[in-house]
Amino acid sequence: MTIEAKIEEMPYLGSRQLDEGSQSAGVFKLRPLRSVLRDKDHGWGPLLWVLYLGFFFVQPVVEHVSSKQWFVDGVGAAIFLVLYWGIFLLERPRALVHVGGIVLLGVLFLPFNAGGCTFFIFAAAMVPFMVDTQARAIAGLGTISAVAAIEGLFLHLNVWELFWAAVFPVFIGAGNVFFAERNRMNRKLRKANEEIENLAKVAERERIARDLHDVLGHTLSVITLKSELAGKLVDRDPERAGKEIREVEQISRQALSDVRDAIRGYRSQGLVAELAQAKTTLETAGLIVQCDAATTMKLPAVQESVLSLAVREAVTNVVRHAQARSCRMRLEQQNGSCRLEIHDDGCGASNGEGNGLRGMRERVEMLGGTLNRSTDAGTTLTITLPLKEVAPKREGLPN
């Protein structure tokens, strides 16, 4: 089964996938507000959107309605906030029930408060995100518009009041149909990227297991046999037992050297190989990749290792976070230094440095280089390292 097929089978509701069979068990379990605001689909949007509720109070303020009317409007606004935030905060919300409740508020308040059309607008804006297809979103918008139009005609609203209650919500909802579809595509892309990353990790673990078996399997068997032989000969032939022990020591040292070489190979296979692997990884994730690398450039071993690790970390960030369509990698020599630039056309988030980027910066600066990160028109990572051999700086120790 393909990754896309697996993702298509997942149930959908709003910005979260739900298990319909166990939905009722966790209806009233709340999500932390912090996790809601970090949602990749809407972020801080809910805090901003709820401000439009202020239009519901325009008429009470302008017409100086009675205290009783203010109380009723306040109760209606409170019910709306419960329905509204329930969609985002409940672990397993019944999203269409919440939207239906908001529409009902519009029906109840429109006869004596023209701001009741605000509820129809909220409902129409949220419907595209609550369903899993554009057809259902359009059907939901049509239903909301029809309810508002029928009530407006029954109440003999004027043209402008009918427009704000029945027509304008459709405009808002129709625009959100596009954004809802984009969110669904981004969700599928994230799932695919996670699956690719997991498959790559599994393949790497299997490769390490095979390599360690090849490196140590025979050697450890020989060490075991010679140790057993030395134990049997220690009383009968001490001289030969000593010889076997010395051979065990030599074999152990060679095994340690082999393991170190293997680990060094895992950490970096060389910059050229790392760039080739990065290009393959990005293309597998669906990006258009351009790689301009001066492959004949001779780099000191330390610099090459640092740049290889930087390429690996940068590509991981592009695949996991950038939501990019293309990526360009460039390696060139400039005035006695090598310059590595990795640019993607993704979302270009300007949040603080994570552990990976912070560690990359520390390694580069220890070699006397610089690392710059720009988030204009995507993300551009530029690393400059001197080509000459330098002793790495050690923090807390004199040079």
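The following dialogue examines how several labels applied to this predicted model are justified.

Visitor: Why is L48 called exposed?

Guide: The relative accessible area of L48 is 54%. The label requires a value over 50%, so L48 is exposed. This residue is found in helix α3.

Visitor: What makes L48 eligible for a nonpolar patch on the surface?

Guide: Patch residues need over 30% relative accessible area; L48 has 54% and therefore passes that cut-off. Its partners in the patch include W49, L51 and Y52, and the patch has about 950 Å² of accessible area together. The elements that give two or more residues to it are α3 (45-49) and α4 (58-63). The largest share, three residues, comes from α4.

Visitor: Why is the pair E283 and K279 called a salt bridge?

Guide: The closest N and O atoms of E283 and K279 are 2.6 Å apart. The criterion is a distance within 4 Å, so the pair qualifies as a salt bridge. Being four residues apart in helix α11 (residues 271-284), E283 and K279 are separated by about one helical turn.

Visitor: How do you know that K279 is partly exposed?

Guide: K279 has a relative accessible area of 29%. Buried means under 20% and exposed means over 50%; K279 is therefore partly exposed.

Visitor: What makes R339 and E332 a salt bridge?

Guide: Their side chains meet at 3.3 Å, N to O. As the limit is 4 Å, the pair is a salt bridge. R339 and E332 also belong to a network of salt bridges that links them with R328 and E341.

Note on methods:
Residues are numbered from 1 along each chain as its sequence is written. This is a predicted model: local features need pLDDT of at least 70, side-chain atom pairs count only at pLDDT 80 or more; totals for chains, interfaces and linings use all residues. Side-chain values use heavy atoms; hydrogens and water are left out. Patches are made of residues with over 30% relative accessible area and no salt bridge: like charges are joined within 9 Å, nonpolar side chains (Val, Leu, Ile, Met, Phe, Trp, Tyr) within 5 Å. Accessible areas come from the Shrake-Rupley method with a 1.4 Å probe; for residues, only the protein chains shown count as cover. Buried means under 20% relative accessible area, exposed over 50%, partly exposed in between (1.4 Å probe, protein chains only).
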